[in-house]
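Grab a pencil and work through the exercises below with the structure open beside you. Try each task yourself before you read its solution.

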Amino acid sequence: MLKFVILLSAVACCFAATIPEGMVPQEAGRIVGGVATTINSFPWQISLQRSGSHSCGGSVYSNRIIVTAAHCLQSVSTSVLKVRAGSSYWNSGGVLVSVAAFKNHEGYNSNTKVNDIAVIRLGSTLTMSSTIKAIGLATTAPPNGAAATVSGWGTTSFGGSVPAQLRYVDLKIVGRTQCASSTYGYGDKIKASMICAYTVGKDSCQGDSGGPLVSGGVLVGVVSWGNGCAYTNYPGVYADVAALRSWVINTANSI
């Protein structure tokens, strides 16, 4: 299940099979087991919005570049996209800027979720401050068991609405080898461009897609997919930033 959200009617929530690829009703997910926070603690976090509503998260890479998930940008044009940066609230504060261009990884596969990463070029330059800061890209994946944090505006309860205030949850990294082992339920669905994170009862979920998984002060993952949210023995799965680092840098310089 992808961790993407668009705001749908209550009727639409009951017919997930009819929803286009990548579009999951908000009622399905949330930052599970998390707590409210402020943007000062996560100044790289942005809200990626479609037609005025929060849809995904993302991370500030530079004053013109955002890193997010490829599945957040399927079947969409720049004209309906905006990015809010520098605010604890997705719907107010900070700055709201247009999207000039974006590029999904050429190897992204919507079925296997490999290479689920994208770069956005903003229409105007962000002014760095205590509430807007770039985050560095991991050069190596953190070890199994390392502490990590994921943040976002995913819904907080079944049938609930997108919370106005940013939330976060602390997790533990599950290495690729461990995530693909018999300990967990994914098996060979875990590919070379993926990394996992898991703590019982805690997870990222719909509405958090594209958002930052941070460990050791750097971006180590991009929220991608999972079997449900906080399901036992099913970690959250993230695009592995260290494995995709060269693509991000090259694309950010050329987009």
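A nonpolar core is a set of buried Ala, Val, Leu, Ile, Met, Phe, Trp, Tyr and Cys residues joined through side-chain atoms within 4.5 Å. Keep that in mind, and remember that you are looking at a predicted model.

**Exercise 1. The big picture**

Task: Find out how many helices and strands the protein chain has, and what percentage of its residues is buried.

Solution:
- Step 1. Start with the elements: the protein chain has two helices and 15 strands.
- Step 2. Now look at burial: of the 255 residues, 54% are buried.
- Step 3. Turn to the surface, where the chain exposes about 9700 Å², with 51% of that coming from carbon and sulfur atoms.
- Step 4. Finally, check the contacts with a separation of 6 or more: 71% of them are between residues 24 or more positions apart.

**Exercise 2. The largest nonpolar core**

Task: Work out which residues of the largest nonpolar core touch the most other members, and then which element supplies the largest share of this core.

Solution:
- Step 1. The largest core has 43 residues, and Leu 48, Leu 73 and Val 83 touch the most other members.
- Step 2. Several elements supply at least two residues each, among them S4, S7, S8 and helix H2 (241–254).
- Step 3. The largest share, five residues, comes from H2.
- Step 4. Zoom in on Leu 73: leaving out residues up to four places away in sequence, Leu 73 touches Leu 48, Arg 50, Thr 68, Leu 81, Phe 102, Asn 104, Ala 118 and Ile 120.
- Step 5. Apart from this core lies another one, of 14 residues, including Ala 146 and Ile 173.

For background, nonpolar side chains tend to be buried together in soluble globular proteins.

**Exercise 3. A strand with two partners**

Task: Decide why strand S7 (residues 81–85) counts as largely enclosed, and how many bridges join S4 to S7.

Solution:
- Step 1. Four of the five residues of S7 are buried, so the strand is largely enclosed by the rest of the structure.
- Step 2. S4 and S7 run antiparallel and are joined by five bridges. Here Lys 82 in S7 stands opposite Gln 49.
- Step 3. S7 also runs antiparallel to strand S8 (residues 95–104), with four bridges between them. Val 83 has Val 97 in S8 as its bridge partner.

**Exercise 4. Leu 219 and its surroundings**

Task: Say whether Leu 219 is buried or exposed, and what separates its C-alpha atom from that of Ala 138.

Solution:
- Step 1. Locate Leu 219 in strand S14.
- Step 2. The relative accessible area of Leu 219 is 1%, and the cut-off for buried is under 20%, so Leu 219 is buried.
- Step 3. Leu 219 and Ala 138 are 81 residues apart along the chain, yet 5.6 Å separates their C-alpha atoms.
- Step 4. Not counting residues up to four places away in sequence, Leu 219 touches several residues, including Ser 59, Val 67, Ala 138 and Val 241.

**Exercise 5. Two ring pairs**

Task: Classify the pair Phe 42 and Tyr 168, then the pair Tyr 186 and Tyr 234.

Solution:
- Step 1. The structure holds five aromatic pairs. In Phe 42 and Tyr 168 the ring centres are 5.4 Å apart and the planes are at 35°, so this pair is tilted.
- Step 2. Phe 42 sits in the loop between S3 and S4 and Tyr 168 in strand S11, 126 residues apart. Phe 42 is buried at 9%, whereas Tyr 168 is partly exposed at 23% relative accessibility.
- Step 3. For Tyr 186 and Tyr 234, the centres are 5.2 Å apart and the planes are at 70°, so the pair is edge-to-face.
- Step 4. Phe 42, Trp 44 and Tyr 168 form one aromatic cluster.

**Exercise 6. The disulfides**

Task: Find which cysteine is joined to Cys 56, and give the handedness of that disulfide.

Solution:
- Step 1. There are two disulfides by count.
- Step 2. Cys 56 is joined to Cys 72, with 2.1 Å from S to S.
- Step 3. The torsion about their S-S bond is about -95°, so this disulfide is left-handed.
- Step 4. The other disulfide joins Cys 179 to Cys 196, and with -85° about the S-S bond this link is left-handed.
- Step 5. Cys 179 lies in helix H1 and Cys 196 in strand S12, so the pair ties together parts 17 residues apart in sequence.

Note on methods
Residues are numbered from 1 along each chain as its sequence is written. This is a predicted model: local features need pLDDT of at least 70, side-chain atom pairs count only at pLDDT 80 or more; totals for chains, interfaces and linings use all residues. Side-chain values use heavy atoms; hydrogens and water are left out. Rings of Phe, Tyr and Trp (its six-membered ring) pair if their centres lie within 6.5 Å; planes under 30 degrees apart count as stacked, over 60 as edge-to-face and the rest as tilted. Buried means under 20% relative accessible area, exposed over 50%, partly exposed in between (1.4 Å probe, protein chains only). Two strands pair if DSSP finds at least two bridges between them. Contact means heavy atoms within 4.5 Å. Accessible areas come from the Shrake-Rupley method with a 1.4 Å probe; for residues, only the protein chains shown count as cover. A disulfide is a pair of cysteine sulfur atoms within 2.5 Å.
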